[in-house]
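Q: I'm new to this one. Can you walk me through its pockets?
A: Sure, here it is.

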Amino acid sequence: MAARVLLQRRSFAPLAAAAALGGIAFSPAVVFAEAPKRKPIYDEVDYSSPLPVAPSPPAILPSQPIQDSDDEEHKTRAPTPTDRLAVQIGRARLFLYDFAVAAENKVNQTMDSAFDLEQSFTRTIASLAPPRESGEKLMPGAIYVLVAAMAGSIVTRNRSVILRATVPFALGIGAGWTVLPITMRNVSDLTWKYEQKFPAVAESHIKLREGIQRGIHFAKVHREVGVQYVDDKVTDVREAIEGWVKQGK
């Protein structure tokens with residue numbers, strides 16, 4: 001029994017093998033269906049599809065203004081307390097900056113004015129001094145002028161107030177013009193320059209100077225007349241004495 005079964009299996013084995021080979025021959029796709037498919041390394045480019053075209057920008061009319069999205073968002077959004085506080089702080093900073101700049105400019109102008117005044121004063125004092133080639137010295141001359149003014153005050157100490165005020169001044173001025181003529185000329189020119197800024201004072205000074213010059217001229221004329229009169233009298237006396245002497249001989 002076992003031998004019969006074994007013989008049947010042996011007889012069916014060649015038939016099964018032949019049927020399998022025939023099936024493979026008639027349907028090859030079944031064999032290769034189990035094989036794995038490999039993905040290509042490079043992406044396949046579809047050259048048949050057209051290139052994408054960039055969309056054209058929208059036409060802008062001249063009457064339509066260009067608005068930024070941020071501006072629109074800012075307009076639509078109401079200002080917050082932080083924004084209002086930032087605006088106030090900015091205004092305060094600008095105010096403080098303007099005030100600091102104005103104060104700095106004012107200080108600079110004041111310092112410039114002070115420096116200019118100092119330089120002007122120095123130049124003015126230096127211009128009053130006589131030149132070296134003139135030989136005029138300030139130190140002894142100033143002492144002489146001071147002594148003359150003190151002498152006038154001593155002489156008029158028991159006189160009226162007008163004399164006590166005018167005589168020392170007149171003696172000092174006279175001594176200055178005598179001892180320091182160049183310095184007095186410089187002082188006179190400087191005084192006249194400042195007097196020209198006030199027409200009333202300048203006119204009064206001119207009238208006073210003309211009066212003094214007229215008085216000096218009259219004094220010179222009277223002095224010359226007096227000298228001539230004295231000379232004439234002395235000549236007459238001398239002639240009379242000579243006549244007496246001749247008659248006595």
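A: First, a term: Ala, Val, Leu, Ile, Met, Phe, Trp, Tyr, Cys and Pro count as nonpolar, Asp, Glu, Lys and Arg as charged, and the others, Gly among them, as polar. Also, this is a predicted model.

Q: Ok. By class, what does the lining of the largest pocket have?
A: Nine nonpolar, four polar and three charged residues.

Q: What volume does the largest pocket have?
A: About 670 Å³.

Q: Which residues are the closest to its centre?
A: Ile 173, Trp 177, Ser 188, His 205 and Ile 212, out of the 16 that line the largest pocket.

Q: And which elements give two or more residues to that lining?
A: Three helices do: α6 (161-179), α7 (181-195) and α8 (199-248).

Q: Which domains does the lining of the largest pocket draw on?
A: Domain 2 (133-197) and domain 3 (199-241) each supply at least three residues.

Q: Switching now. What is the volume of the second largest pocket?
A: About 160 Å³.

Q: Which residues line the second largest pocket?
A: Ser 120, Thr 124, Ser 127, Leu 128, Asn 186, Asp 189, Leu 190, Lys 193, Tyr 194 and Lys 197. Both α4 (81-128) and α7 give two or more of the lining residues.

Q: Which element gives the largest share there?
A: That is α7, with five residues.

Q: How do the residues of that lining divide by class?
A: Three are nonpolar, four polar and three charged.

Q: Where does the second largest pocket lie?
A: Between domain 1 (93-128) and domain 2 (133-197), because both give residues to its lining.

Note on methods
Residues are numbered from 1 along each chain as its sequence is written. This is a predicted model: local features need pLDDT of at least 70, side-chain atom pairs count only at pLDDT 80 or more; totals for chains, interfaces and linings use all residues. Side-chain values use heavy atoms; hydrogens and water are left out. On a 1 Å grid over the protein atoms alone, a cavity is a set of points where a 1.4 Å probe fits but cannot get out, and a pocket is an open set with protein on both sides within 12 Å along at least five of seven lines; lining residues have an atom within 4 Å of a point. Grid points are joined across faces, edges and corners, and a volume is the space filled by probe spheres set on the points. Helices (H or I, at least four residues) and strands (E, at least two) are DSSP runs, numbered from the N terminus. Domain bounds come from an automatic or database domain assignment.
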